[in-house]
Amino acid sequence: MARCDLPVCPSSLWVKGSGSHSLCSFPVSFRQPWALVGVLGGDHLSTAEDRREYSGNGTTGLAVAQRDFLTYDGTRFTVTAFSGWLKGVPHNGFKVEVSKGIILHLVDEVASWLPGDRIVIASTDYSMHQAEEFNLLPCPECKSNQVKIDGKPLYLHIGEVIDGIDMRAEVGLLTRNILIQGEMEDSCYGQNQCQFFSFDTFGGHIKILRNFSSVHMSGVELKNMGQQILGSYPVHFHLAEDVDERGGYDPPTYLDNLAIHHCFSRCVAIHGTHGLLVKDTIGYDTLGHCFFLEDGTEQRNTFQHNLGLLTRPGTLLPSDRSQPLCLAIRSHVHGSYIPVPSTDCMAVSTFWIANPSNNLIGNAAAGAQDVGIWYIFHRVPTGQSEGRYPEGQAEHTPLGVFYNNRVHSNFKAGLFIGKGVKTTRASAEDPREYLTVDNARFRPHQDADPEKPRVPAVIEGLIAFKNNDHGAWARGGDIIFRNSGFADNGIGLTLASDGTFPTDEGCRLEVTRSIFVGESSNFGSQGGQNSYWGKGANGEYRTLPRNKTFPIRGFQIYDGPVRMAKCTFRKFTPTADRYSSAIGFLMKNPWQISPQNNVSQILMEKSVGLEVFFGRPGQWFGSNDEDGDKTSIFHDLDGSVTGYADTFSGRADNSLLRHPGCLAVPRWNGRLCTGSFAQLYIQARHPENLTLSIARAAYQSHPLRLRGVNRAAPYQQYQPVVMLEQAYIIQWDGRAPEDLILYPINFNRGDWLRVALCYPRGAVFQVLTDIYQRRTGRVHSVRRYLAAASRASALSSTGERLFYFDRASGYLFVRLQAREARKGHSYCSQRGCERVKIMARMSPGDPWSCDTNPFPERPAAAQRPVSQHPSGPCRACGAPQLAITSTPSVQYIRVQIQSLSSADIQNHTLASAFIKINDTLLPFSRRGIFFVVLDACSGAVVSRQHFDTVTAESAARAVTDYVQTAIKDRGAAAMVGSSEMSVFTRLGSAKPVAFHKEGSFAMLGYKGQAKPSWIKVLNHAAYQEAASLQHYVPLKLEEYQCPANADEPLQFALSQSRSEQSPADAVAPQG
């Protein structure tokens, strides 16, 4: 889109008295309709004007002024101003229209696309409803990767890499040589869910059954297909079993190059079918899950380079339904049960993957009502596949290939890994409908056998942007995200553990080599059901996720353990409306948080205003008083986030972590502490509704109060993070539970705690220790704790297991020590979970209050002070790649051009203009025009030149000579300057550049036979802000015709004759 300084002057003037009135230097008589379109600073030849005479009846013809313009990028548009009277009422206005179509530059060759074909352009904003359809126009000037569209887009569709994330809009061809379409009525009729749909939803359908001879569909358009009836879909493979070589099909079965659009039930349904290839297929504007695996048995299917967008809710399954549909459809629930939409339904997804053993390669989920790609788990096969595999197999099945997929413009999440479906019919015990969304955990193991080693599920090359809630959410383990990009999501990425201890044995959750962006330079556009429009961190208006006040987070820590390494964060800055942080925590979190959460080699760019935020009471955070809120923690291994190596970051008011060497970080509501930390897991029975109070002996007046998480289990559970080799005091808000089990988790062999627990003074105890095998439920190595003669002997003994009950104070003293070796991410030892069981017999009338501190008064234990060990600069921090794109084989360089405006010079807001190549800054302190020339094949800087524009005529000749002779073909030229010049068409400008007096200018050009789509020209007037642009320039594109040795850096060459006073140094851009 181009900015132009055009006065558009439609006018219907009311003038008191007689005579004439002057506007824009043109005389206009009484009530005379008049319209003008001109150019500021232009002459009369650049002006279009029209007038009409005013007559006494109050109605005139329209005065219409119209003029064509050309932008620097070659787009032609028409500006029209009009003015007139109708029955005494003035009518005036203006409009701007693309006059000869808009040319789109596409990544792929599209020479087969023809005039009259119809395309869809995906949304690149939060709302999927910004997808737009267009017809193609004849375009003899177009290259093989260009098309011309008829009409003007209503919304902004991004076509470039922004802030290191590939946000280019997908463009899909809807027209095919073969058309299969349903015959439709004008409106809904009969028993076709007309209470929910006003339009006819009874379309055609294609069903492929078992034992077919051959199915290879290619180049087919399917429109008005599918029905809101189970089993009636546009393309439906029904219980076909193996359809690849394993089933005797050679060549294997495939769907290729289909366009499935404006359909009424799914796109491609794969039911009890394995080994199908679905490739280069579009699913657009459909109801219910689009690319759909049905019963949970479907495996070895491959989805490659497909596009799904505008996936709307349907009625067939609970997971298809929106909130109103979920509440309205209750025919299959038990009794009077009312579904809970947020948990039972509201899961409609473009890719519904019901078994992890399938491949997703190069797909785009570009807008669903709920989720782009959802991996869902059937604990047992459902529907007609019941009994096909044992319980839990899908949850333990390794993930197939997940590579280079894109998810954006989805409301709930771009990618969701987790949850399952209810596999039992509705009953009094569980009244929910069959196949309602339910809980499940993804635990991939070799051969789907939980007794064999874990097999990490690798999410490679995911791009997630403009998703309202989550870019990606993944629960389970092991799961690894790498080489992925997250931008403009409410929350970029959340990794949630397999479960919570003791049901989870400990797993690996990791994100590496990835880029997170908070508020990118994709500002979006209003409309298309985008709900929130407000100020961004830079003061400019933009679309926003969830709400104007929603606290945006790049990486969200839920429970753990999670690991993040070699990641880059940019543009996370809080505003007056919202807390935005690079790293944040699940809000209102009642769950555990692991001190094993760790980060390393993280790059926080200067645009990050808040690196970490632990929350504060208020909107979204509530009271910020849940157990998980208070125990939030992570370990900075190398100091790349906190500035201090080997430090733990916790919430400021958590005194369990505190010691005198800690460092407060008020902006984070946090505190940095050194030390060794683990968790104490406490199970309580009889009663199960108490609040636990735990305090470090050194800070007994600052206890941490935990309510626990009762998951309808026969016990309550608490899980504070504790500093090792310290003394702790545990009290309750009532009489102590009769049965307690203490698990020291994440303890290495030899780690210990001293614990004092408050009981009624008449209590009698039995204390045992054993080892619990979580998987088998077997208990072994049972031993009794013996009563010690003194507190000191109980707390200091490392060999005997002793306890001491001080009846005077009411405290039971126990030493907890890990005696077995722990391995890897496991919470417990290889032999099982060590634990101490305390069974107390108490009389009902016994008082249960205890003294404040049963330990001798002593200062807090000395720990290494945080401030004494600041970390140095980290040269290897951050994602190694400059950009995350859908074409990972293409390398990029980042070019930033910043000119100076008159206001900048007067106010000294910028020291100098500059051109920045990746991380190399080239400042320019003198007025004039500055060139930096790079080789578009290797990315090397080959020339840098300044031209003084004080003597404009001689400068124009010098610039002309430089462009024509000094800049070689395949040169990418970055320019910044201000003055008067008009010679840039050789570098890609569609027209000569006439500089504004005291204006500013920035251009990214290319010299050669090609005209790349990344050429940009900004030519600003003096009253405008300084011209500034940033672009990721692709290297070694085919259109550059690079030589075979293009990877070899070119030698820096500098023309001494017109350079600045001192020769410029060679520039070697980094990464």
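Where is T253 found, between which two strands? In this predicted model, T253 is found in the loop that runs between β19 (235-242) and β20 (254-256). The points below begin with the surroundings of that residue, then turn to a nonpolar patch on the surface, and end with the aromatic rings, for which the count comes to 44 pairs.

**T253 and its surroundings**

- T253 is buried, because its relative accessible area is 2%, and buried stands for anything under 20%.
- The side chain of T253 reaches the backbone oxygen of V243, and the distance between them is 2.8 Å.
- Leaving aside residues up to four places away in sequence, T253 touches F212, V215, H216, F237, V243, G275, L276 and L277, so that V243 appears both in this list of contacts and as the residue whose backbone oxygen the side chain of T253 reaches.

**A nonpolar patch on the surface**

- Y189, F202 and I229 together make a nonpolar surface patch of about 250 Å².
- Within this patch, F202 has its place in the loop between β15 (178-181) and β16 (206-209), and with a relative accessible area of 34% F202 is partly exposed.

**The stacked pair F486 and F516**

- Among the 44 aromatic pairs is that of F486 and F516, whose ring centres are 4.9 Å apart and whose planes stand at 15°, so the pair is stacked.
- F486 lies in strand β40 (residues 485-487) and F516 lies in strand β43 (residues 515-517), and the pair therefore ties together parts that are 30 residues apart in sequence.
- Both partners are buried, F486 with a relative accessible area of 1% and F516 with a relative accessible area of 0%.
- F486 and F516 also belong to one aromatic cluster, which is formed by F481, F486, F516, F555, F569 and F572.

**The stacked pair Y579 and F613**

- The rings of Y579 and F613 have centres 4.4 Å apart and planes at 20°, so this pair is stacked.
- This pair links distant parts of the chain, 34 residues apart, with Y579 in the loop between β48 (568-570) and β49 (581-585) and F613 in the loop between β51 (603-604) and α4 (627-630).
- Y579 is partly exposed, with a relative accessible area of 37%, whereas F613 counts as buried at 5% relative accessibility.

How values were computed:
Residues numbered from 1 in each chain as written. Predicted model: local features only at pLDDT ≥ 70, side-chain atom pairs only at ≥ 80, totals over all residues. Heavy atoms only, no water. Helix = DSSP H or I, 4+ residues; strand = E, 2+ residues; numbered from the N terminus. Buried < 20%, exposed > 50% of the residue type's maximum accessible area, 1.4 Å probe, protein only. Polar contact = N/O pair within 3.5 Å; in protein donor to acceptor, adjacent residues only side chain to side chain. Contact = heavy atoms within 4.5 Å. Patch = residues over 30% accessible without salt bridge, like charges linked within 9 Å, V, L, I, M, F, W, Y side chains within 5 Å. Areas by Shrake-Rupley, 256 points an atom, 1.4 Å probe, with all protein chains shown as cover. Salt bridge = Lys/Arg side-chain N within 4 Å of Asp/Glu carboxyl O. Phe/Tyr/Trp six-rings, centres within 6.5 Å; stacked < 30°, edge-to-face > 60°.
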